[in-house]
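User: I have a model open and would like to go through its empty spaces and its helix packing with you. Could you take my questions as they come?

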Amino acid sequence: MAHREIEDTVHTDLADKMTYSKYLHIDELLACQQTRSKPSHHDELLFIIQHQTSELWMKLMIHEMKAAVGHICKDQLDSSFKILSRVKHIQSQLFNQWDVLATLTPSEYTQFRDVLGTGSGFQSVQYRMVEFLMGNKDKRMIEVHRHDPKAVAVLEETINMPSIYDEFIGHLNRRGLKIPDEILNRDITTVHQSHPAVLEALKVVYQHPEQYWDTYELAEKLVDIEEQFAHWRFRHMKVVERIIGYKMGTGGSSGVNFLRKMIDHRFFPELWEVRTHL
């Protein structure tokens, strides 16, 4: 059997030194998985870790998307490409996590579901921030968080920011693909509605990719992240259906039927419509 010696250069005296655990606050992180079922049900830990890790990935996704929005605003498209590629891979991690939760059976979940009370993923502040950054803005969603002033503040800040698609449309205009003022100066706290002028601008980009290569590349990266988001939503819906069937959600929604309604939502409508017109 092979035996590995510790190399002489490896630090072993770590008293008063920066360590892996200190840097990552591992003790605090691992103390956050507190089950509520009594006696503690074996599968509740899975449920908690699934959602906590999702929140960590969404934190990174928000960080990256805000950076991408800033670069697009300055027409620094090359700088946004790597960021959006990273966002796509983050979304893949979020998608693949559902495979782990799908091992939770209905019999197992019913044994601790009651401890969630009215808690629901619908109440995730970071999920709502992701939707706002992608352009699905709805002020009514903020009302769910009126009990939490910090959450309200961050959501109001995000809803008042241009979405990544708002900045993309602004970039189209700056590239000489004329976008009407009614679109450029619209109320950015609302959902963008498909507009013929934006569609026409995108037709030019897609018909002349060599002339508008960076804009063309950005358009496809936006399609990537929207497609990944739709996959995530579909997988979420199917895992919920697998575990609770058609029960009402803990947050009061209709559950599977509520989730199904959002699968076909288009964040970037003209980017999908242009394919039909080429």
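User: Which helices each supply at least two residues of the lining of the second largest pocket?

Analyst: In this predicted model, helix H2 (26-30) and helix H3 (44-73) each supply at least two residues of that lining, and H3 gives the most, with four residues. Helices here are DSSP runs of H or I with at least four residues, numbered from the N terminus. On a 1 Å grid over the protein atoms alone, a pocket is an open set of points with protein on both sides within 12 Å along at least five of seven lines, a cavity is a set where a 1.4 Å probe fits but cannot get out, and lining residues have an atom within 4 Å of a point.

User: How much space lies in the second largest pocket, and which residues line it?

Analyst: About 150 Å³ lies in the second largest pocket, and the lining consists of Leu 29, Leu 30, Cys 32, Gln 33, Ile 49, Gln 52, Thr 53 and Leu 56. The lining divides into five nonpolar, three polar and no charged residues.

User: What about cavities, how many of 30 Å³ or more are there?

Analyst: The structure holds one cavity of 30 Å³ or more, and about 80 Å³ of space lies in the largest cavity. Its lining is made by Met 58, Met 61, Gln 91, Leu 94, Tyr 127, Val 130, Gln 228, Phe 229 and Trp 232. H3, H4, helix H6 (125-134) and H11 give two or more residues each, with the largest share, three residues, coming from H11.

User: Phe 229 and Trp 232 are both in that list; how are their rings placed?

Analyst: The structure holds 14 aromatic pairs, counted when ring centres of Phe, Tyr or Trp (its six-membered ring) lie within 6.5 Å. For Phe 229 and Trp 232 the centres are 6.1 Å apart and the planes at 50°, so the pair is tilted, the class left between stacked (under 30 degrees) and edge-to-face (over 60). Being three residues apart in helix H11, they are separated by about one helical turn.

User: At what angle do H4 and H11 pack?

Analyst: Helix H4 (residues 77-101) and helix H11 (residues 213-244) pack at about 10°, with axes 9 Å apart, and are therefore roughly parallel, a class for angles under 35 degrees. The contact residues divide into 15 nonpolar, eight polar and seven charged.

User: Any caveats on numbering and confidence?

Analyst: Residues are numbered from 1 along each chain as its sequence is written, and side-chain values use heavy atoms, with hydrogens and water left out. Local features need pLDDT of at least 70 and side-chain atom pairs count only at pLDDT 80 or more, whereas totals for chains, interfaces and linings use all residues.

Key
Axes are lines fitted to C-alpha atoms, for helices over the stretch in contact, and angles run from 0 to 180 degrees between N-to-C directions. Angles under 35 degrees count as roughly parallel, over 145 as roughly antiparallel, 65 to 115 as roughly perpendicular and the rest as oblique. Ala, Val, Leu, Ile, Met, Phe, Trp, Tyr, Cys and Pro count as nonpolar, Asp, Glu, Lys and Arg as charged, and the others, Gly among them, as polar. Grid points are joined across faces, edges and corners, and a volume is the space filled by probe spheres set on the points.
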